[in-house]
Amino acid sequence: MSRRLELGISYMCQLYVLAAFLVPLLVAWFPAASFSGQTSDPQALLAVGDYVSRSRAPLRVHAWRGSVAAAGIDSILASRHQAFAVLCNLLEVTPPDSVNLIFYPDEPTKFTQTGHRGLGWGVGTTVIEVLNDSIQVDSYHELAHIALYQIGLLPAMWDEGFAVYVSALLGADALRNFGYPGGRIDDSLRDHLAGGEPYAWCELAALEDIGDATDVLLAYLQSASLVGFVAEEYGDESLRDVLRNAAKRSPRDALERSNEALLSSVGRSGLDVWTLWRSRLDRASDRLPTK
Ligand SMILES: [Zn+2]
């Protein structure tokens, strides 16, 4: 469980989607690997690099001096601070004491400093990203995870679905790194399905880790669509209630937790909600928010 917490917010940026598209190329371009360790500790990173920093509690933004992020650090701090406040209010959680956001101008610099490959990395309450004129990871996805973790650890469907859904709600291009830049969630899901079948409720809700899915992109898109459906069909208060109940440690099984959360929060079984969601997906209109 603690390993899940440590790795949880790294799922999207670190691995399955960005890595599938970009990391192999970056690794091929920059094969030098003199760094032997890996750290996301802000104090360790700040001690050896040259950063511009700005703070507004609880956020601390650190940008590699001379980078695009350094030039725009005030606006980065302002937009993310506002987004994090919205996220914490939406979830009715108390923010952690501090959240560190560290920006690098490119992947080689990020790798040299952190020992971690990829364009983004989230661990605990630290988010590490590459930001330049052509690369920008989802601005709010990792912050959504951090806010959500103040409730507790959730099954992958709720955890990743909420992060994608709410990031789109906040105005980020939440599907850009999934191969659907500017895409609406339901439209992109339908496009990805191409007439095929989505995951059955018992498959999606049972995922302990989004990376366990055989079609990771489908799992992200369908999870976001389902979370959006719950929010729009039953309201924010019900979504909060579902998330709180799904975060409970007992039962441990993700499918049971998801079923019980929906039953106690909206009075319907998971399969009932999935069936209602499916019929909405099949309709032409798409009421989910996009950027
Ligand atoms: Zn994620």
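A residue is called buried here if 20 or more other C-beta atoms lie within 10 Å of its own. The model on screen is a predicted one, and that criterion serves for the first stop of the tour.

**Stop 1: Y165**

Select Y165, which is found in helix α10 (residues 156–169). Y165 has 26 C-beta neighbours inside 10 Å and therefore counts as buried. Now add I185, A224, V227 and G228 to the selection: apart from neighbours within four places in sequence, these are the residues in contact with Y165. A distance may also be drawn from Y165 to L221; the two are 56 residues apart along the chain, and their C-alpha atoms are separated by 8.9 Å.

**Stop 2: the whole chain**

Zoom out to the full protein chain, which has 16 helices and five strands. Of its 291 residues, 46% are buried. Among contacts in the chain with a separation of 6 or more, 68% are between residues 24 or more positions apart.

**Stop 3: helix α13 and its partners**

Select helix α13 (residues 216–234) together with helix α14 (residues 236–246); their axes come within 6 Å and cross at roughly 135 degrees. At that angle α13 is oblique to α14. To display the contact, show V230, A231 and Y234 from α13, and D236, S238, L239 and V242 from α14. These residues comprise five nonpolar, one polar and one charged.

Keep α13 visible and bring in α16 (270–282). The axes of α13 and α16 are 10 Å apart, and the packing angle is about 100 degrees. The two helices are therefore roughly perpendicular to each other. On the α13 side, select S225, L226, F229 and V230; they meet V273, W277, R280 and L281 in α16. Sorted by class, this contact has six nonpolar, one polar and one charged residues. V230 deserves a label, as it takes part in the contact with α14 and also in the contact with α16.

**Stop 4: helix α15**

Next select helix α15 (residues 254–266), a helix of 13 residues. From first C-alpha to last it reaches 18 Å, close to the 18 Å expected at 1.5 Å a residue. Which residues of α15 are buried? They are A254, R257, S258, N259, A261, L262 and S265. The cover over these buried residues includes α10, α14 and α16. Just after α15, select G267, which has a positive phi near 75 degrees.

**Stop 5: the sheet**

Turn to the strands. Strands of a sheet pair through backbone hydrogen bonds, either parallel or antiparallel. Here the five strands form an open sheet in the order β1-β2-β3-β5-β4, with mixed pairing. β1 and β4 (120–123) stand at the edges with a single partner strand each, so one side of each has no neighbour in the sheet. Neighbouring strands are turned by 10 degrees against each other on average, direction ignored.

Begin with strand β1 (residues 51–56) and strand β2 (residues 59–64), which pair in the antiparallel sense over six bridges. A hairpin connects them through two residues. To locate one bridge, select S55 and its partner R60 in β2.

Then select strand β3 (residues 99–104) and strand β5 (residues 126–130), a parallel pairing over five bridges. Here N100 has T126 in β5 as its bridge partner.

Finally, add helix α8 (residues 107–114), which lies across β2, β3, β4 and β5 and runs at about 145 degrees to β5.

Terms used
Residues numbered from 1 in each chain as written. Predicted model: local features only at pLDDT ≥ 70, side-chain atom pairs only at ≥ 80, totals over all residues. Helix = DSSP H or I, 4+ residues; strand = E, 2+ residues; numbered from the N terminus. Buried ≥ 20, exposed ≤ 12 C-beta atoms within 10 Å, placed from the backbone. Contact = placed C-beta atoms within 7 Å. Axes fitted to C-alpha atoms, helices over the stretch in contact; angles between N-to-C directions. Parallel < 35°, antiparallel > 145°, perpendicular 65-115°, else oblique. Nonpolar A, V, L, I, M, F, W, Y, C, P; charged D, E, K, R; others polar. Expected span 1.5 Å × (residues − 1). Pairing = 2+ DSSP bridges.
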